[in-house]
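Please work through the exercises below with the sequence and the coordinates open beside you, and try each task before reading its solution.

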Amino acid sequence: MTRATIEAYYAAFNNGDLDAMLDTLHDEFAHHVNEGATRLGKAAFAEFCRHMNETYREELTDMVVFSNDEGTRGAAEFVVNGTYLKTDPGLPEARGQKYVLPAGGFFDLKDGKITRVTTYYNLQDWIRQVSA
């Protein structure tokens, strides 16, 4: 069930289906990001996703999902294939640059729903790619 929930979360991401992503989340959800503050709750996560969809177009490929036997923890490794659409404040100017970035996500689950996702990627590598 853990792997299926994580796979559904990322399938919804790739389909641009925010509602389906939110359906995989527990009411006690926390989003820990590579850079910046933790977002608490589904509403804060939905706002973040809307911003990301305006600013970036991304597809995740080469997905491998892992989970523990208890169904409470999971992880995923993947490649982000993206296009930088709109300048994000504090980052380089967007000009439709393409980027390819290895990344990973780490999960806690409760009652079959995601309570935490922590995403890691190399921000300096992304900046180098979009600044070239």
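The exercises that follow concern a predicted model, and each is followed by a worked solution.

**Exercise 1. Determine whether the end-to-end distance of helix 3 agrees with the span expected from its 14 residues.**

Solution. Helix 3 covers residues 42-55, which gives 14 residues. The expected span is 1.5 Å times one less than the number of residues, and for helix 3 this should come to 20 Å. The C-alpha atoms at the two ends of helix 3 are 20 Å apart, so the expected and the computed value agree.

**Exercise 2. List the buried residues of helix 3, and identify elements that cover them.**

Solution. Taking buried to mean under 20% relative accessible area, one finds that Phe 45, Ala 46, Phe 48, Cys 49 and Thr 55 are buried in helix 3. An α-helix has 3.6 residues a turn, so residues three or four places apart point the same way. The cover over the buried residues of helix 3 includes helix 1 (2-14) and helix 2 (18-23), together with strand 1 (25-32), strand 2 (39-40), strand 3 (56-67) and strand 4 (73-84).

**Exercise 3. Locate Asp 17 and classify its exposure.**

Solution. Asp 17 lies in the loop between helix 1 and helix 2. Its relative accessible area is 34%, and because partly exposed covers the range between under 20% and over 50%, Asp 17 is partly exposed. As a distance check, the C-alpha atoms of Asp 17 and Phe 78 are separated by 19 Å, with their positions 61 residues apart along the chain.

**Exercise 4. Count the aromatic pairs, then classify the geometry of Tyr 10 with Phe 107 and of Tyr 56 with Trp 126.**

Solution. With ring centres required to lie within 6.5 Å, the count comes to twelve aromatic pairs. The ring centres of Tyr 10 and Phe 107 are 5.8 Å apart and their planes stand at 90 degrees, so this pair is edge-to-face. This pair links distant parts of the chain, since Tyr 10 belongs to helix 1 and Phe 107 to strand 5 (residues 98-110), 97 residues apart. Tyr 10 is buried at 6% relative accessibility, and Phe 107 is buried at 0%.

Tyr 56 and Trp 126 also form an edge-to-face pair, with 6.0 Å from centre to centre and 65 degrees between the planes. Here strand 3, which holds Tyr 56, is linked to helix 4 (residues 123-131), which holds Trp 126, and the two residues are 70 residues apart. Tyr 56 is buried at 8%, as is Trp 126 at 4%.

**Exercise 5. Which residues do ring pairs link into a cluster?**

Solution. The cluster consists of Tyr 9, Tyr 10, Phe 29, Phe 45, Phe 48, Phe 78 and Phe 107.

Note on methods
Residues are numbered from 1 along each chain as its sequence is written. This is a predicted model: local features need pLDDT of at least 70, side-chain atom pairs count only at pLDDT 80 or more; totals for chains, interfaces and linings use all residues. Side-chain values use heavy atoms; hydrogens and water are left out. Helices (H or I, at least four residues) and strands (E, at least two) are DSSP runs, numbered from the N terminus. Buried means under 20% relative accessible area, exposed over 50%, partly exposed in between (1.4 Å probe, protein chains only). Contact means heavy atoms within 4.5 Å. Rings of Phe, Tyr and Trp (its six-membered ring) pair if their centres lie within 6.5 Å; planes under 30 degrees apart count as stacked, over 60 as edge-to-face and the rest as tilted.
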